[in-house]
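Colleague: Could you walk me through how the labels on this model are earned? I'd like the reasoning, please.

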Amino acid sequence: MRRLLSSPTGIAGCLLLLLVFVAALFGPWIAPYDPQEFHVTARLQGPGPEFLLGTDQYGRDLLSRLLNGAPATVLFGLGATALGVGAGSVIGVIAGVAGGRVDSVIMRVLDGLLAMPELLFTLLIVSFLGGGTGQAMLAVAVTFTPGMARIARGATLSVRTREYVLAAIARGESRAWIVGREVLPNALGPIIVEATIRVSFAIMIGATLGFLGLGAQPPSTEWGLMVSEARQYMFRNPWCVIVPGLAIAITAMGFNLFGDALRDAFDPRRTR
Amino acid sequence: MADRQDRPVLDVAGYSMAYRTEEGRYDALRDITLRIRRGETHALVGESGSGKSTLAWAIMRYLAPNAEDTGGAILVSGEDMLGASKRDLDRLRGRKVAMVFQDPSSALNPTLRMGEQITEVLMRHRGMSRAQALAEAEAALTRTGIRRPAELMKRFPHEASGGEKQRVVIATAFACEPDLILFDEPTTALDILTAKQILELFVTLKAETGVAALYISHDLGLVSRIADTVSVIYKGEIVESGPAAEVLTAPRHAYTRRLLAALPRPDERIAVPAPAAQPPLLSVDTVSVRYGAPGWLTRKLDPSAKAHYGARDVSLDIRPGELLGVVGESGSGKSTIARAATGLAEFEGAIRFGGRDFTSRRAFDRAYRREVQIVFQHPDASLNPRETIGRILARPLRLYGLVPRGQVEARVRELLEMVLLPAEYASRHPHQLSGGEKQRVAIARAFAAEPKLVICDEVTAALDVSVQAAVARLLVDLQARSGAACLFITHDLNLVRQLAHRIAVMQHGALVDAFDVADAGAPGRHPYTRALLDAVPVPQPLRDPA
């Protein structure tokens with residue numbers, strides 16, 4: 001942890017994530033207003049003393065809506081990534097370690113899936129499963145699986161021919177030991193880094209789905225949905241698009257920077 | 001005019017350089033003074049991390065952004081390199097100073113034909129037209145002994161051999177007729193025989209052009225053949241310099257003495273006494289290893305598709321307690337045999353061990369794997385970076401159930417002591433150890449399994465000379481204590497003649513010669529064996545300084 005905080009990237013990433021997680025954990029309690037309460041007299045206001053970040057087209061307080069939407073948005077990103085990364089790395093490591101025909105078949109199938117644009121693939125799955133947060137999460141996870149499998153396989157392959165793995169094979173170690181103790185810990189770096197970066201993608205895809213009306217449904221305070229709903233009033237009060245947009249950007253950047261710092265900290269050769 | 005003639009081509013006076021790092025300033029070079037006159041070859045000798053390449057980069061003015069000059073001066077043909085502007089440097093590089101790198105395959109741009117890479121330099125630095133440059137490039141390549149230069153110029157780097165590529169790099173360096181050429185280990189990445197040819201080329205070209213050369217090397221034996229003067233660099237400081245004949249035969253400084261003493265000399269045998277003639281412990285019987293066998297579909301589509309043989313019909317015997325040396329150039333199949341015998345590569349033929357026959361790598365059982373252990377070349381890659389040394393050493397003990405659970409830790413301490421490492425290393429990670437220490441751990445891990453045969457695949461190749469000698473001695477010592485046999489794969493002929501009882505020579509995947517070490521010079525040796533032996537000079541004995 002101290003290593004993580006010794007680089008500027010790490011500090012910036014951790015601070016942003018701290019902000020996001022405080023919002024996600026305590027958001028609903030620290031919100032100044034009820035997120036669904038209409039303030040008819042104060043619609044589409046800019047930031048001011050009364051409404052810190054302004055209000056939307058119904059006069060709802062943006063800060064309160066933002067804080068209320070934080071848990072849903074962050075959980076969506078984490079959940080989708082965890083599912084996708086888990087499935088993807090298992091498939092990728094299996095392909096990388098098995099090699100030969102198993103590898104070829106698995107990877108060709110995944111290549112086929114990768115050929116489809118990520119968002120289109122997600123939309124396809126959502127339209128198949130039906131709208132809603134749970135379905136959207138599953139769809140994002142499925143979309144992530146082929147890409148993660150490819151990265152996990154690449155990391156596995158680069159480790160598999162190292163001499164310490166050869167030494168383990170020559171020693172007659174079991175396959176489970178070779179994968180679990182020799183290959184996986186050393187291939188984990190790229191997978192974790194990719195995963196943290198993917199969290200930001202997941203949040204953005206989730207927001208896009210919300211924006212398209214396929215993810216969370218109104219009156220949810222999911223951030224993508226907020227941008228979507230406010231779109232028509234963008235020119236009268238840009239704040240109602242900027243605020244949730246910025247929140248998404250901050251979360252994505254936080255995970256990204258954190259991921260970079262994590263990779264550096266994870267590398268035992270970097271410490272002296 | 002006389003003044004110009006006398007002036008050294010390279011004049012480094014009291015030069016110091018430091019790197020700024022997170023931990024503070026690190027002095028990479030301290031008070032370096034070096035003079036090279038026209039026609040002189042000055043060798044700069046040192047181990048890895050001594051700063052020898054850093055000095056070359058400092059002369060070329062091509063340093064990392066965190067490097068800073070902390071004093072002294074560097075003059076090339078009287079021009080101040082330290083104060084030179086970017087434009088001056090563009091003019092000086094190529095015309096006044098050129099550099100030849102260690103690895104020709106990474107020194108050439110893989111996407112450009114080799115002809116273009118030479119003509120580019122000629123057009124830029126000598127202002128030639130394209131046609132002139134082409135003609136000059138061809139002439140330059142002819143001088144490096146390439147037979148059909150026009151044809152070679154049309155090829156891409158991957159279509160040429162390592163020797164050809166290094167000739168192109170050398171031709172490029174000489175093409176602009178610079179006053180000074182820096183050679184940074186130009187033969188280290190090449191095979192023994194090719195290296196010898198490149199070295200001969202270097203001597204001829206230098207005699208023809210009279211260029212001054214700074215020749216950087218870790219190889220003292222090689223330096224003795226080409227250098228007029230030698231400087232020995234240690235931890236960023238020149239500890240000794242003088243005429244080559246003096247420094248290399250009667251060194252004054254303790255470090256130089258240590259370096260020279262570490263050179264393997266075939267007549268100073270350090271092998272265990274030769275074991276009595278016994279039936280072989282391991283027999284490799286007409287073993288072949290194929291790589292990249294085509295699948296049935298590939299064969300149907302392209303009948304000419306064939307597997308590539310890493311080794312073909314190789315037969316070898318190793319007797320108990322013996323050290324068998326296997327030598328050959330890279331790609332000769334010597335490591336392939338090690339891979340087959342340890343179950344890392346599928347093979348055809350039979351491997352016989354302790355009265356049992358194995359005809360496939362799947363047949364190797366745990367007992368065989370315990371008794372036949374392998375140590376790899378790269379100490380940095382052969383230990384899992386996430387495990388501690390203690391866990392690495394404990395693994396074979398636990399895997400084969402060699403000691404009761406409670407005594408594992410004590411045995412690990414014993415193993416560390418056995419390879420002369422402090423017991424507290426057990427809690428360290430591999431990256432906290434030096435290359436030589438890591439190799440000791442790898443050797444300890446192999447001997448932890450109490451094997452009957454240890455296969456050493458180029459275990460000294462990645463180590464510095466002085467560390468190399470220590471590791472070789474350690475290996476022989478362990479062999480004497482445990483009675484294990486050893487298959488020692490290497491390309492260092494002097495070393496293997498010091499260690500081995502018998503030597504097997506491989507070329508192009510086949511075994512071409514096998515003999516007792518005493519018969520190395522005997523008539524009737526295979527021509528390839530003789531070529532290998534002739535390519536490596538035997539170091540001269542040391543004298544006391546006069």
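Modeller: Sure, and keep in mind that this is a predicted model. Let's begin with a pair of residues: B:Gln507 has B:Ala510 in S20(B) as its bridge partner.

Colleague: What makes S19(B) and S20(B) a pair of strands?

Modeller: Strands pair if DSSP finds at least two bridges between them. S19(B) and S20(B), residues 510-516, have six bridges, so they count as paired, and the sense is antiparallel. They form a hairpin with two residues between the strands, where B:His508 has a positive phi near 45°.

Colleague: How do you know that strand S13 of chain B pairs with S19(B)?

Modeller: Same test: at least two bridges are needed. S13, residues 323-327, is joined to S19(B) by four bridges, so that is a pair as well, and these strands run parallel. One of the partnerships is B:Val327 with B:Val505 in S19(B).

Colleague: Why is S19 of chain B called mostly covered?

Modeller: A residue is buried if 20 or more other C-beta atoms lie within 10 Å of its own. In S19, residues 502-507, six of six residues are buried, so the strand earns that label. B:Arg502, B:Ala504 and B:Met506 point one way, while B:Ile503, B:Val505 and B:Gln507 point the other way.

Colleague: What makes a residue part of the contact between chains A and B?

Modeller: Its C-beta atom must lie within 7 Å of one across the contact. Chain B gives 18 residues and chain A gives 15. On chain B's side, helices H15 (366-371) and H16 (389-399) each supply at least two residues. That side has eight nonpolar, seven polar and three charged residues.

Conventions:
Residues are numbered from 1 along each chain as its sequence is written. Chains are lettered from A and ligands numbered from 1 in the order in which they are written. This is a predicted model: local features need pLDDT of at least 70, side-chain atom pairs count only at pLDDT 80 or more; totals for chains, interfaces and linings use all residues. Two residues are in contact if their C-beta atoms, placed from the backbone, lie within 7 Å. Ala, Val, Leu, Ile, Met, Phe, Trp, Tyr, Cys and Pro count as nonpolar, Asp, Glu, Lys and Arg as charged, and the others, Gly among them, as polar. A residue is buried if 20 or more other C-beta atoms lie within 10 Å of its own, exposed if 12 or fewer, and partly exposed in between; C-beta atoms are placed from the backbone.
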